[in-house]
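Visitor: I would like to walk through this model with you, taking the sheets, the helices and the enclosed spaces in turn. Could you show me the structure before we begin?

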Amino acid sequence: MFLENVRKGLCSDCAALAAMLCTIVNRRTRSLHGPCPVTTFGPKACMLQNPKAIMHIQDPASQRLTWNKPPKSVLVIKKIRDASLLQPFKELCVYLTEVNNMIVYVEKKVLEDPAIANDDNFGPVKKKFCTFREDYDDISNQIDFIICLGGDGTLLYASSLFQGSVPPVMAFHLGSLGFLTPFNFENFQSQVTQVIEGNAALVLRSRLKVKVVKEHREKMTVQNGIEENGVAPTNIEKEVGKQIMQYQVLNEVVVDRGPSSYLSNVDVFLDGHLITTVQGDGVIVSTPTGSTAYAAAAGASMIHPNVPAIMITPICPHSLSFRPIVVPAGVELKIMLSPDARNTAWVSFDGRKRQEICHGDSISITTSCYPLPSICFQDPVSDWFESLAECLHWNVRKKQNNFVEEEF
């Protein structure tokens, strides 16, 4: 009798446990971990696999570049309308084409610069270039790696050109800030050679996959029957379907109040649940890379690029308790205008593609499975702290003097 009661008790406990597990599975269908990043970068580059990796998460210091085949094509991105970059640009292109016999891709508007177009000595090199136009030509499967000449904006621009897998990016510091550009140009030949040989460390900078869904409205002129009294025909907006746009964002998505003098009033959802309503100038949703950009200026913490996370930072919130928060990389955020919002909002992606958000429109944000593989000067940890010290002067303070021992 005793054993029978024990069996019944165990059966009931097992049933309760099974019911609880079923409830958990039904309640939680999305992993809190970010998507496993694709570790092939362009047609020829990939991550060197580390046999000592634990739980498939590599130590940042062990992330190394390797090539399946020797790289043959390189995209050179140069900051437009900057005369100081003309000579470095020419030297780099001559080295890549003449010494390394590589195919160089350059944006067409770069070659339209009079200082380049009218340089007869540079003509033979220029004839070897392959050119493209942004938003017209797809070069995503033709580039083996990327070299950026300029500031952080050139890296953001490189990211925008690749909506899928991104080739490795080598960024030279020839701009104003240079937080994301660790290489100096003085010894560019040896540094580029090391990258071509596969002797380089990588930091995988996560990106945000953003989907904007807009209620497509068409303005129509409707005769209201009172035009004869001097009243002009009225314009109304008619919903004629939905417009969907997708973006890959390296730094941040910024939702703000635009030109309106009213506070922005937007609802923020996390995995379908309303977590807060932002009443202020706006909200920033940033990657760890973007945590040192606009988010840092708005009072957020700075996060190392290897941390899988998404940061939510309010812009001048009308609340004393609204602090920036960090959420797991695997969640899905959705931002919409609150039903009682007085005005529309505006959204931009890494400072580009700015557009208006109206009632019924939505912005869905989650971590992309296509990171940007940024080539390190030393390693991911050393480079990051070096940038904090050199660019942002992090924790710069005059040191306190020690006690002077009294002489007796």
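Visitor: In what sense do strand 19 and strand 20 pair, and over how many bridges?
Guide: Please keep in mind that this is a predicted model. Strand 19 covers residues 345-349, and Phe349 stands opposite Arg352 in strand 20. The two strands pair in the antiparallel sense, over 4 bridges.

Visitor: Which strands are the edge strands of the open sheet of 6 strands?
Guide: The sheet has the order 17-16-15-12-19-20 with antiparallel pairing, and its twist averages 20° from one strand to the next. An edge strand pairs on one side only, and the two that do so here are strand 17 (325-328) and strand 20.

Visitor: Which elements give two or more residues to the lining of the second largest pocket?
Guide: This pocket has a volume of about 380 Å³, and of the 22 residues that line it, the closest to its centre are Asp135, Ser160, Leu161, Gln163 and Lys353. By class, the lining has 8 nonpolar, 6 polar and 8 charged residues. The elements that give two or more residues to this lining are helix 6 (152-161), strand 11 (234-249) and strand 20 (352-357).

Visitor: Which residue stands opposite Phe269 in strand 14?
Guide: Strand 13 (residues 264-270) and strand 14 (residues 273-280) pair in the antiparallel sense over 7 bridges. They form a hairpin with 2 residues between them, and Asp271 in the turn has a positive phi of about 50°. Within this pairing, the residue of strand 14 that stands opposite Phe269 is Leu274.

Visitor: Which strands are the edge strands of the open sheet with the order 1-2-3?
Guide: The pairing in this sheet of 3 strands is antiparallel. Strand 2 (residues 45-47) pairs with strand 3 over 3 bridges, and Met47 stands opposite Leu65 in strand 3. The strands that pair on one side only, and are therefore the edge strands by the count of bridges that defines pairing, at least two, are strand 1 (40-41) and strand 3 (65-67).

Visitor: Is helix 2 parallel or oblique to helix 7?
Guide: Two packed helices are described by the angle between their axes and the distance between the axes. The axes of helix 2 (residues 86-99) and helix 7 (residues 188-196) come within 11 Å and cross at roughly 45°. Angles under 35 degrees count as roughly parallel, and 65 to 115 as roughly perpendicular. Because the crossing angle lies in neither range, nor over 145, helix 2 is to helix 7 oblique.

Visitor: What is the handedness of the crossing in which helix 2 passes helix 7?
Guide: The crossing concerns the helix axes that come within 11 Å. Helix 2 passes helix 7 in a crossing that is right-handed.

Visitor: Which element gives the largest share of the lining of the largest cavity?
Guide: The structure holds 1 cavity of 30 Å³ or more, and about 110 Å³ of space lies in the largest cavity. Of the 14 residues that line this cavity, the closest to its centre are Pro182, Val203, Arg205, Asp383 and Trp384. Strand 9 (202-205), strand 22 (372-375) and helix 9 (380-391) each give two or more residues to the lining. The largest share, 4 residues, comes from helix 9.

Visitor: How many residues in the lining of the largest cavity are nonpolar?
Guide: The lining of this cavity has 14 residues. By class, 3 of them are polar and 2 are charged, while the nonpolar residues number 9.

How values were computed: Residues numbered from 1 in each chain as written. Predicted model: local features only at pLDDT ≥ 70, side-chain atom pairs only at ≥ 80, totals over all residues. Heavy atoms only, no water. 1 Å grid on protein atoms, 1.4 Å probe; cavity = no way out; pocket = protein on both sides within 12 Å on 5 of 7 lines; lining within 4 Å. Points joined across faces, edges and corners; volume = space filled by probe spheres on them. Nonpolar A, V, L, I, M, F, W, Y, C, P; charged D, E, K, R; others polar. Axes fitted to C-alpha atoms, helices over the stretch in contact; angles between N-to-C directions. Left-handed = near helix turned anticlockwise from the far one by under 90°.
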